[in-house]
Amino acid sequence: MADSPSFRRHPLAASVDLVRWLPSVAASPSERLLAAAIYDPSSCPTASSIHLLPLSDPTSPLASLPLPSRATALRCSPVALAAATSSGSLHLLPPSLDFDAAVAVPGGAGFHVGPVRGLDFGGEEWVTAGEDGRVHAVGGGGDGRLVARRVWDGKGMSGYETARWASPAEFATGGAGCGVQWWDRRKGDAVVAQCNGIWGRGIVTGMVHSIDINPSRKHICVVGGSSGTIFAWDLRWPQQPIPLSGVGFNGAAEPVCESEVWEVLFDTYTQSSDIISSASSKILPVMMCSEDGILAVVEQDERPIELLAEACAINSFDIDTQNPSDVVCALEWESIGVLTRGRDTMAEE
């Protein structure tokens, strides 16, 4: 029988917008680190910052990187910890976590004007996508500086909320008015496929907040958005998105929530109810968090597994890739939560 999950809530003195696991630097769990985007308007002029927090005591930051404005995206990669802001800037901190070595691309006409919501690392470059409708590829210039190359400028006709690499040549974006778009750099940085989703049976486009791409099946992505909607998109059948959760689908997908789905990630810890081979078309389990305080796992043709039901929004979460039973989440009411799941968590029958 599986062990019961444990949940620890760590109150902080400021809002926690985003949280991510950092790679372990030692075998001891007490030395594992978290990165959190903190917003504290009472501490002006440094109201926004990235805090490095020990898992043993997340209320006691080890260090802090000031930001020029509120963090809107946070991503950890093998080469850097990256944060993007509401004023359109990008900040990279090296794996050494040496704050003196941090580099940045300032917001403005040459980069992004307004919040950068989409941020991901593709092995060679970062991709950024903003509410201004711009998409950039950002890499090193050889002299320690960052160089941003504009891939697309929607000129405000649509805004981006998320971006995710599938390979060094392909990435996906999503947002308002554009659904989900698949880009291929080998074809002139062009959109090669697009999906409006499952809102209004695909006739209208809802708001896309989050995308994740399965590392072992890079033709499949999962999408979280407005009205409790979660669906999978398989590029082999681009006009047939697969509902995983949502309202009003006549039983096709049981809704796990009815509010905004802020983040989705493929869950490598939860075992599927079926044995899924690499050739299978079934979608692997997906974890999500929502505005109405739900943290849950959804799976195709199965009932959702609710892990948390908080009284406030869960702004973001992250699954520890080195120990996938552990999940950290950012609670709107100035707290960080750490969930440790039992050894044998499985989908409900």
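**Close-up views of two pockets**

**Figure 1. The largest pocket holds about 1000 Å³ of space.** Welcome to the first stop in this predicted model. A total of 36 residues line the largest pocket, and the ones closest to its centre are Cys 76, Arg 164, Asp 212, Leu 265 and Thr 321. Look for these five residues to find your way to the middle of the view.

**Figure 2. Several strands share the lining of the largest pocket.** Two or more lining residues come from each of β2 (15-21), β6 (71-76), β10 (116-121), β14 (159-167), β18 (208-214), β22 (261-266) and β26 (314-319). Which element gives the most to this lining? The answer is β14, with four residues. By character, the lining of the largest pocket is made of 18 nonpolar, eight polar and 10 charged residues.

**Figure 3. The second largest pocket has a volume of about 620 Å³.** Here 25 residues form the lining. Nearest the centre of the second largest pocket you will find Asp 17, Leu 18, Thr 72, Arg 117 and Asn 315.

**Figure 4. Strands also line the second largest pocket.** The elements that supply two or more residues to this lining are β2, β6, β10, β14, β18, β22 and β26. How many residues come from β6, which gives the most to the lining of the second largest pocket? It is five residues. Sorted by character, the lining of the second largest pocket has eight nonpolar, eight polar and nine charged residues.

Key:
Residues numbered from 1 in each chain as written. Predicted model: local features only at pLDDT ≥ 70, side-chain atom pairs only at ≥ 80, totals over all residues. Heavy atoms only, no water. 1 Å grid on protein atoms, 1.4 Å probe; cavity = no way out; pocket = protein on both sides within 12 Å on 5 of 7 lines; lining within 4 Å. Points joined across faces, edges and corners; volume = space filled by probe spheres on them. Nonpolar A, V, L, I, M, F, W, Y, C, P; charged D, E, K, R; others polar.
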